[in-house]
Amino acid sequence: MEKNTQRGMVKWAPFKSLEEQENYIRDAFNKEKEIQMPLLLEDEQEEINSYLCSYRGQLSIVSFYENKRIVTIEGYISKIDVNERIIKVGRKVIPLGMLLKIKEKEQF
């Protein structure tokens with residue numbers, strides 16, 4: 001009986017068979033991580049407004065939408081400007097329209 005020496009274990013790389021496929025799948029994966037700007041309910045908007053109106057220098061956790069992603073940072077609000085519609089947390093300037101959630105950091 002003749003042994004077929006040409007057959008053997010072949011490493012399977014289905015997405016690298018064509019360079020275009022690899023790029024397409026990588027791009028699709030990266031887009032999957034991107035999200036649309038969530039719409040806030042009226043009570044969520046009121047909660048943010050109430051927090052900013054009563055802010056007295058406490059350490060805050062701020063979530064906002066930036067570059068198709070939700071970002072959460074921690075810091076002190078150094079500026080609330082209603083005319084420019086921004087807040088400043090540390091060095092980060094955040095448009096009010098991009099705010100998703102803001103709350104006081106619980107300190108233990």
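Trainee: What relative accessible area does valine 93 have, and is the residue buried or exposed?

Mentor: This is a predicted model, where local features need pLDDT of at least 70, side-chain atom pairs count only at pLDDT 80 or more, and totals for chains, interfaces and linings use all residues. Residues are numbered from 1 along each chain as its sequence is written, and side-chain values use heavy atoms, without hydrogens and water. Buried means under 20% relative accessible area and exposed over 50%, with partly exposed in between (1.4 Å probe, protein chains only). Valine 93 is partly exposed because its relative accessible area is 43%.

Trainee: In which strand is the place of valine 93?

Mentor: Strands are DSSP runs of E with at least two residues, and helices are runs of H or I with at least four, numbered from the N terminus. Residues 92-95 form the strand that holds valine 93, namely β5.

Trainee: With which residues is valine 93 in contact, leaving aside neighbours within four places in sequence?

Mentor: Contact means heavy atoms within 4.5 Å. With those neighbours left aside, valine 93 is in contact with Ile86, Ile87 and Lys88.

Trainee: How many Å apart in space are valine 93 and lysine 79?

Mentor: In sequence, valine 93 and lysine 79 are 14 residues apart. From C-alpha to C-alpha, their separation in space is 8.8 Å.

Trainee: In what order do the elements of the protein chain run?

Mentor: The protein chain has two helices and six strands. One of the helices is α2, residues 42-53, which contains aspartate 43. From the N terminus on, the order is α-α-β-β-β-β-β-β.
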